[in-house]
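Visitor: I should like to learn how to read a model of this kind, one feature at a time. Where shall we begin?

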Amino acid sequence: MSTAAQWRQVEVAFSGPAVDRPYVEVEAWVELVHDDGTRLVRPLFWDGATTWRLRFSSPLPHGRWTWTVAGPDADRLTPTAGTFDAAPAQTGHAHPGLVHGFPRLSPEGRSLVHPDGRDWFMVVDTAWAMPWRAGVEDVEAYARDRAAKGFDAVLLMSVQPDMRAVGPDARGVDEGFAVGFRDLPDGRLTDLVPDYFAHLDLLVEVLLRHGITPVLQPLFFGFGWKGLDVAGPVVPPDELARYARYLVARYGAQPVVWLPGADGAGDEPGIEAAGREIEAWDAYEHPTGIHYRPHHRNDVHQDAPWLDFQACQTGHGGDHVPDRVATMWAARPVKAVMNLEPTYEHTGRPGVAEGWWQGHEAWSNLCAGALLGVAYGAASLWQWRLHPGEPGHAPFFLAADAGWREALDFEGSRYVGLVGRILEGLPLRGAAPCWDVGLTARGLLDPGVLYLAYAEHGGPFVLLDGEGRVPGRWWLVDPRDGSVLGSGATPPDGTPIEHAYDQPAVLICVAEEPAIARRAAE
């Protein structure tokens with residue numbers, strides 16, 4: 001018997017058969033039954049030699065879980081049964097999901113919420129290549145920087161996806177990359193390398209310790225790491241599904257977001273296969289979505305029960321295109337939406353999407369309906385370029401004279417990281433894009449609950465037709481540094497809330513003092 005604190009991962013090791021291809025030949029899972037009748041199923045995963053593992057987090061704070069091994073190969077694994085005694089959630093962890101529960105889709109279907117009712121707004125950074133390039137100390141430095149700036153999630157390709165990529169099988173060396181599947185260059189996913197994922201375990205642990213959620217993408221479908229023929233479109237769908245189940249087994253008992261499709265058209269057979277498999281095996285209902293290539297409508301599988309969110313990208317030419325978010329917002333049935341890949345800062349040439357460009361992009365996307373979150377990417381960071389002189393990367397996606405460490409300091413990341421802090425605690429989940437309340441270009445409204453407006457060029461905020469719809473108090477915030485510029489009672493229609501021109505501002509109208517204002521007063 002062992003104790004399972006609510007929302008904290010516990011692990012059981014199993015001894016299994018010595019077979020030639022354990023990753024594909026052995027199938028088993030654990031069925032867990034709580035005293036109150038709640039039932040969960042968790043798949044087992046192979047972890048090298050004759051070792052299989054169960055990872056489980058109790059969603060309940062009290063009572064006993066009784067578990068038994070099941071599946072076609074259940075009789076080949078030991079032990080075969082056991083118990084966990086649930087315990088209340090522990091406080092004091094930097095990751096809210098380990099205190100308030102793993103976020104899932106809200107009842108409104110537009111945003112994410114913890115099981116205890118606390119909202120979670122994703123502020124996503126992009127470090128696609130971290131899993132196969134970074135060491136633990138590297139990720140410690142990365143996570144400290146991103147957490148300090150306000151990021152709470154990061155995009156990760158779970159394995160290096162380019163079939164024609166060549167280099168040392170190692171992290172931390174020029175043009176090197178650790179290998180997750182030995183047969184990926186042949187367009188297959190059958191020869192898994194357990195040591196690769198043991199290292200990824202350590203990286204995920206670091207991220208969670210700093211309050212950052214991994215957004216795990218099984219296998220890329222678009223450009224990939226270096227644009228050298230990604231495996232996503234050619235791997236058999238059943239192999240992608242098996243790998244998706246493996247990721248659920250290994251990482252699904254912790255906070256995580258699943259991204260079965262990335263940088264593709266969305267209709268590739270492997271995406272649906274992986275999405276369905278995640279839905280079937282993820283007992284915790286972690287958010288699952290598709291991220292598309294730039295030239296797409298972003299609405300494939302719109303009615304699929306396994307799909308929680310749609311995520312566009314808007315290319316890397318430095319254009320603001322919140323219209324794409326607005327189009328996704330209008331699609332039916334309702335899905336949560338966001339722009340998961342705006343232009344990377346300094347990609348290809350100095351100054352592209354630089355500085356406040358990133359802040360304006362984030363606030364524009366939010367007000368177009370991106371209640372799921374906002375995202376940021378830096379050239380040279382996403383591909384984890386080891387140093388400014390490392391060769392072998394596509395020039396279009398590099399920042400001049402920058403490796404990943406230098407890219408951490410790009411100015412734009414500060415403004416995107418601030419978005420989540422300004423929004424902290426605000427009742428966003430029922431809001432909708434609104435153009436008929438104020439003389440500003442962009443806004444969100446939940447009548448009587450929240451009005452949020454973003455003015456790109458500043459100037460006075462004038463409410464029109466706001467009476468009865470806009471809450472009775474207002475706060476004005478500078479989105480460039482989070483400072484509170486003023487507050488007061490919401491004025492009658494037509495009476496301005498004064499603010500200087502050419503200074504961007506965010507107006508928050510809500511009944512109770514927002515967290516950003518409370519912090520400013522301390």
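**Reading a helix and a domain interface**

Guide: Let us begin with a helix, bearing in mind that this is a predicted model. In H11 the buried residues are Gly 412, Ser 413, Tyr 415, Val 416, Gly 417, Leu 418, Val 419, Gly 420, Ile 422 and Leu 423.

Visitor: How many of the residues of helix H11 are buried, and what follows for its place in the structure?

Guide: A general point comes before the case: an α-helix has 3.6 residues a turn, so residues three or four places apart point the same way. In helix H11, which covers residues 412-423, 10 of the 12 residues are buried, so the helix is largely enclosed by the rest of the structure.

Visitor: What backbone feature comes just after H11?

Guide: Gly 425, just after H11, takes a positive phi of about 80°. The C-alpha atom of Gly 425 is separated by 6.3 Å from that of Ala 515, although the two residues are 90 residues apart along the chain.

Visitor: Is Ala 515 buried or exposed, and in which helix does it lie?

Guide: The cut-off for buried is under 20% relative accessible area, and Ala 515 counts as buried because its relative accessibility is 7%. Its place is in helix H12, which covers residues 515-521.

Visitor: Which domains does the assignment give for the chain?

Guide: The assignment gives domain 1 (2-93), domain 2 (123-423) and domain 3 (432-520). For domain 1 and domain 2, the centres, taken over C-alpha atoms, are separated by 29 Å, and 21 residues of domain 1 are in contact with 21 residues of domain 2.

Visitor: How much area is buried between domain 1 and domain 2, and which three residues of domain 1 supply more of its share than any other three?

Guide: About 1900 Å² is buried between the two domains, and carbon and sulfur atoms give 58% of this area. On the side of domain 1, Tyr 23, Arg 42 and Pro 43 supply 34% of the area that this domain buries against domain 2, more than any other three residues.

Visitor: Which polar interactions should I look for between domain 1 and domain 2?

Guide: The count of salt bridges between these domains is 3, and the rule finds 11 residue pairs in polar contact across their interface, both residues being at pLDDT 80 or more. On the side of domain 1 that touches domain 2, helix H1 (22-25) and strands E4 (39-43), E5 (45-46) and E6 (51-56) each supply at least two residues, and the largest share, 4 residues, comes from E4. The residues of that side divide into 12 nonpolar, 4 polar and 5 charged.

Notes:
Residues numbered from 1 in each chain as written. Predicted model: local features only at pLDDT ≥ 70, side-chain atom pairs only at ≥ 80, totals over all residues. Heavy atoms only, no water. Buried < 20%, exposed > 50% of the residue type's maximum accessible area, 1.4 Å probe, protein only. Domains from an automatic or database assignment. Contact = heavy atoms within 4.5 Å. Buried area = accessible area lost by both parts, 1.4 Å probe. Salt bridge = Lys/Arg side-chain N within 4 Å of Asp/Glu carboxyl O. Polar contact = N/O pair within 3.5 Å; in protein donor to acceptor, adjacent residues only side chain to side chain. Nonpolar A, V, L, I, M, F, W, Y, C, P; charged D, E, K, R; others polar.
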